[in-house]
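Let's take a look around this protein together. Have the sequence and the 3D view open as you read.

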Amino acid sequence: MLLSNIADLLEIEEHNVELTKQYFFEDVLFSYQWWLLLGIMIALWSVWFILVDKQRMLSILLAGCISSLITFVLDDTGRSLHLWFYPHQLTYFSWQFYPVDLAVIPVCYMILYQYIGRWKWFLTTLILLSLFAAFLVEPLFVLLDLYVLIHWEHIYSFPFYILIGVIVKWLTDRVTKGSNTSYR
């Protein structure tokens, strides 16, 4: 279909918004996947709140914010390029995968940042975490119909998880260097 002007594009987008809203309220809201996603967010943030070192809260939260920001950008890019799709969301008004972008990724990287200070151990643990995420968690999310791969493979995610972790640690260390909120 060739779009002749912006009005055509806006009409298609409006139709998409209505279909998305209908799909969410008829097929997603209160489905077992919806409850699972809500439970994941609540459980992870509860665990984080129990485990977080309150003395280093600012640097740890910075690590979480950086990882979440990177994930939002990468996730939005992947969705826009039609590399993957999330059939179940917590809300109908955003295609961001909030449970992963705002809970799974930041909580995992914050815990990693909090407990593993030295680069050698950080990288080793990060590689193990990335393997776990790419080859166990992602396939499980596919099995549970939370994640649909279109033009993407799990192997492609592996280096991105590592890259995110390296950026998070490097940038957080850099920003908090010299303050009493960093971990050495």
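## Helices and strands

The protein chain contains six helices and two strands. Start at the N terminus and the elements come in the order α-α-α-β-α-α-β-α. Keep in mind that this is a predicted model.

## Overall build

Measure along the principal axes, and the C-alpha atoms of the protein chain fit a box of roughly 55 × 35 × 30 Å. The protein chain has 184 residues, and 40% of them are buried.

How do the contacts spread along the chain? Take the contacts with a separation of 6 or more: 73% of these are between residues 24 or more positions apart.

## Surface and charge

The accessible surface of the protein chain is about 10900 Å², and carbon and sulfur atoms account for 70% of that. As for charge, there are 10 positive side chains and 15 negative ones. The centres of these two sets are 27 Å apart.

## What about disulfides?

A disulfide is a covalent bond that joins the sulfur atoms of two cysteines. How many disulfides does this structure hold? The count is zero.

Why does Cys 65 not form one? Its closest cysteine sulfur belongs to Cys 108 and sits 16 Å away, which is too far for a bond; the cut-off for a disulfide is 2.5 Å. Seen from Cys 108, the closest cysteine sulfur is the one in Cys 65, again at 16 Å.

The two cysteines can also be described by their accessibility. Cys 65 counts as exposed because its relative accessibility is 53%, while Cys 108, at 27%, counts as partly exposed.

Key:
Residues numbered from 1 in each chain as written. Predicted model: local features only at pLDDT ≥ 70, side-chain atom pairs only at ≥ 80, totals over all residues. Heavy atoms only, no water. Buried < 20%, exposed > 50% of the residue type's maximum accessible area, 1.4 Å probe, protein only. Helix = DSSP H or I, 4+ residues; strand = E, 2+ residues; numbered from the N terminus. Contact = heavy atoms within 4.5 Å. Areas by Shrake-Rupley, 256 points an atom, 1.4 Å probe, with all protein chains shown as cover. Lys, Arg positive; Asp, Glu negative; His and termini not counted. Charge placed at Lys NZ, Arg CZ, Asp CG, Glu CD.
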